Amino acid sequence: MSRVSWMGAVALAALVAGCGRSDPNLNQTGPSPDIPDIRETLIPSMKIAEPIGWGDEVPTVPDGFTATALATDLQIPRQMLVLPNGDILVAEGRGGHAPALRPKDVIAGFIKKQGNTQVDSGNRITLLRDADQDGRAEVRTVFIDNLDAPYGLAFVDGYIYVANQGAVVRFPYQPGQTRITAAPEEVTKLPERINHHWTKAMTASADGQTLYVGIGSNSNVGERGMAVEEERAVVWAIDRQTGARRTVARGIRNPTALAIEPQTSALWAVVNERDEIGPQAVPDYLTSVREGAFYGWPYSYWGKNVDPRVSPQRPDLVATAIEPDYGLGSHVAALGLSFATGGGFGGGFSQGAFVGQHGSWNRSDLSGYKVSFVPFAGGQPNGEMVDFATGFLTEDGEARGRPVGVVFDQGRRILLVADDLSNTIWRIAPRTSAVAAPAARP
């Protein structure tokens, strides 16, 4: 497309920006978020925060905490894994090769590109070691390279498991090892046709016998046809010994991060919902992944709210759709999930889920661009979501960074945040042993 055509596309998107304003009276977080009527337009409102970098700034964290850059100059850090010895693995890269189908796809691709890092994809895993716990990684090595858009990571019984965009593979690991050169052993292939949503989230079950993998849809709402959606918008359970797999849940549009809730050992996910029907339709969510459940995509959302754009309709499936557990807000693009374990940080951060919100691109007033905390009790959400790390977005709507994966490290009592815009791993730690309870924020 020519420069003139690009400029015209952006101008057209700007003309409809007014349609993307949200209603401040709606509450879209919690177990029963407000679900507004559909506001579909020819071209949806699109706006993304212009990247400006951090400079001398760091993320804003609650009183009693401090944020430092553990490592910088990475190549698109996504998800992380803390090994038993405290070493940190960082999956780096970007994937996907879905062609644009509609003019709005081309425009959306251009808009989103403006808010992403311009560095090359790492397609690797980097190891970081902060043995003296001073907040700076004194050891940094390329742990595994020549991967294919790695994303989900797990460690079980002496093996590092990696979810590439097309397969789960594993590598033997020795404690303290700083580089692996062994060839990958394929555990099972993953759907990679088109790969509209390429990220393959992964976590291991509490007993380590099962690998759970989230596989996103191949479209927004089935516009590529349902034939390419076979085993998409699903969560798989994979036997890590044999590679045999079964489908745990369906209709879960884009499960971008998976984690095990520590009290119940239940599987939970953060999920990115559909686009192009308004700035507050519909909320991304945090949910337990229930065996045999259908979460609605593409035929309905937040339970049985029918999406009229899908043809043919499936009222039989809609009748079985269940509601997610907890709304996170519309278009926040939740990409990270990690539970506080072992008492967490104490106080109001002792039980609950940390959620990395990458940030919106398709509403006029930006949403997300922060790390949030959802308090839990008895293995279930219990209370209002609060901000934990902000400052990724300036008051002028510019982006210093964009959070992706989050990991709570119980052994060191820190939270790690992958920022794939500034290519930084942030380390958030308490200044003292006493941490104040969080104050709820809108």
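**Strand β12, Val355 and a phenylalanine cluster**

Tutor: In this predicted model, 5 of the 5 residues of strand β12 (residues 200–204) are buried, so the strand is largely enclosed by the rest of the structure.

Student: Which residue of β13 stands opposite Ala204?

Tutor: Ala204 points one way from β12 together with Lys200 and Met202, while Ala201 and Thr203 point the other way. Strand β12 pairs with β13 (residues 210–215) in the antiparallel sense over 5 bridges. Opposite Ala204 in β13 stands Leu211.

Student: Is Val355 buried or exposed, and what is its relative accessible area?

Tutor: Val355 has its place in strand β23 (residues 352–357). Beyond its neighbours within four places in sequence, its contacts include Val270, Leu328 and Val406. Buried means under 20% relative accessible area. Val355 is buried, with a value of 0%.

Student: How many residues apart in sequence are the parts that the pair of Phe65 and Phe345 ties together?

Tutor: Phe65 and Phe345 form an edge-to-face pair, with 4.9 Å centre to centre and 80 degrees between the planes. Phe65 lies in strand β3 (residues 65–71) and Phe345 in the loop between β22 (334–339) and β23, so the separation of the parts in sequence is 280 residues.

Student: Why is the pair of Phe345 and Phe354 edge-to-face?

Tutor: Planes over 60 degrees apart count as edge-to-face. The ring centres of Phe345 and Phe354 are 6.0 Å apart and their planes stand at 80 degrees, so the pair is edge-to-face.

Definitions and conventions: Residues numbered from 1 in each chain as written. Predicted model: local features only at pLDDT ≥ 70, side-chain atom pairs only at ≥ 80, totals over all residues. Heavy atoms only, no water. Buried < 20%, exposed > 50% of the residue type's maximum accessible area, 1.4 Å probe, protein only. Helix = DSSP H or I, 4+ residues; strand = E, 2+ residues; numbered from the N terminus. Pairing = 2+ DSSP bridges. Contact = heavy atoms within 4.5 Å. Phe/Tyr/Trp six-rings, centres within 6.5 Å; stacked < 30°, edge-to-face > 60°.
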